[in-house]
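Student: I've got the model open and want to talk through some of its helices. Can we go over how the descriptions follow from the values?

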Amino acid sequence: MTDAPSWARDARVNALIGTGHFLSHFYVLCLPPLFLSWQKTFDVSFAELGLSVALMSATTAILQTPVGFLVDRYGARRFLVGGTLLMTLAMAGMAAAIAYWQVLVLALLSGMGNSVIHPADYAILAGSVNRQRMGRSFALHTFSGNLGSSLAPPITAVLIALVGWRGTLLSVGMVGIPVVLMILWQSRILQDQARPRAPKGTSLFAGSALLATRPILLFFGFFLLSAMAGAGVQAWLITVLHATHGLSLEAGSTALTGYMIGGTSGVLVGGWVADRTTRHLGFAVVLTIVSASLILVVATVPLTELPTIGLLAVAGLLVGASRTPRDVMVKDAAPPGQIGKVFGFVSAGLPLGAAITPVPFGLLIDLGRPDLVLVLIAVLLMLSLLFMGSARATARRPTVAVPAE
């Protein structure tokens, strides 16, 4: 890799990596719109239907870290190609399912392919993109994933109406084939992170002690708490605003949409800022504090519809803008050649955190305390700062060298 890759080359790298990331998020959230069709076809319960998403997400979360070790040892490109191909063929294969257990097996296989995305993507971006544009590159990566999540439900619903559920799965699955071919065709511009050569006979997991070091565990905790807060907003904001402020379901849905759009847009703002300052921690801390404060205002002050929607949109924008500096700090904390395992491990906190809070927050609402939900979300955001700040401070101290792999 040259010292200063051109803007055009960086753009091509971002487009290739971003498209794969888009698909990985799209495939997870294209399943729920299929549930009603699957229920009629396979005669299964809603709990069984939910198992498809749970299997895909859990498999991804569990395998990300082991895949990160493989990426660091053998290089990211081959795993990116193989994972994307497995993910897309598994989705297309669901179109031919004649029993629901086959859907579940294919969901598991798609989750296996999906587990490659985060460790491989970040390893390639770190090795391919000009450091002066790394923040914007990470921001585009996150943005593409968020866009995939946002577009999956409406696109899937339209396709089901046009070609049925089998045609929908075949269509969205086969879209991944050109992506794989483009990655193969353009693979020469996808450079791996710089990796020290592992001594012969070194165990694949020789560097696992790195993941138990204080800064990496703290970053994992930060990702976990942030995801817990985000999942609480996504799952219960509409219900909470209706129960506490009397907002209509339409207004509550608009508020949630505003928060999500703000978060997605904020990622791009954060990427731009991350490339223009080294004060990533201070930037993220200030934005998170202000965002948590706005959520507390919504939680405790009786507001009409427009102020509620506006404050939550700004809160989402600030949270989103803090995410890219977070990713840059994680990259900076990873020793040379260890980015795959580090991002595989810490980003596993995202699906885990998303799985934790919906049920206990729902119990709070059942107990007649919906007013506490947004308060606890703000508290989670503030607690996440303690983890991030401690992780950043610890990562800057001299540490014992990580064993070579």
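**Reading the helices**

Tutor: Sure, and keep in mind that this is a predicted model. Start with helix α7, residues 134–174: its end C-alpha atoms are only 31 Å apart, while a straight helix of 41 residues would span 60 Å at 1.5 Å a residue.

Student: Where does α7 bend, and by how much?

Tutor: At V163, by about 120 degrees.

Student: Next pair, then. What makes α12 roughly parallel to α13?

Tutor: Helix α12 (residues 305–321) and helix α13 (residues 323–333) pack at an angle of about 15 degrees, with axes 4 Å apart. Angles under 35 degrees count as roughly parallel, so α12 is roughly parallel to α13.

Student: Which residues meet there?

Tutor: From α12, V319, G320 and A321; from α13, R323, T324 and P325. That contact of α12 with α13 splits into 3 nonpolar, 2 polar and 1 charged. Gly counts as polar, so G320 goes in with the polar ones.

Student: And how does helix α11 pack against α13?

Tutor: Helix α11 (residues 280–300) and α13 pack at about 145 degrees, with their axes 9 Å apart. The crossing of α11 past α13 is left-handed.

Student: Which residues make that contact?

Tutor: H280, L281 and F283 of α11, with P325, V328 and M329 of α13.

Student: How do the residues of the contact of α11 with α13 divide?

Tutor: Into 5 nonpolar, 1 polar and no charged. Leu, Phe, Pro, Val and Met count as nonpolar, so L281, F283, P325, V328 and M329 are the nonpolar ones.

Conventions: Residues are numbered from 1 along each chain as its sequence is written. This is a predicted model: local features need pLDDT of at least 70, side-chain atom pairs count only at pLDDT 80 or more; totals for chains, interfaces and linings use all residues. Side-chain values use heavy atoms; hydrogens and water are left out. Helices (H or I, at least four residues) and strands (E, at least two) are DSSP runs, numbered from the N terminus. The expected span of a helix is 1.5 Å times one less than its number of residues. The bend at a residue is the angle between axes fitted to the seven residues ending there and the seven starting there. Axes are lines fitted to C-alpha atoms, for helices over the stretch in contact, and angles run from 0 to 180 degrees between N-to-C directions. Angles under 35 degrees count as roughly parallel, over 145 as roughly antiparallel, 65 to 115 as roughly perpendicular and the rest as oblique. Contact means heavy atoms within 4.5 Å. A crossing is left-handed if the near helix is turned anticlockwise from the far one by less than a right angle, and right-handed if clockwise.
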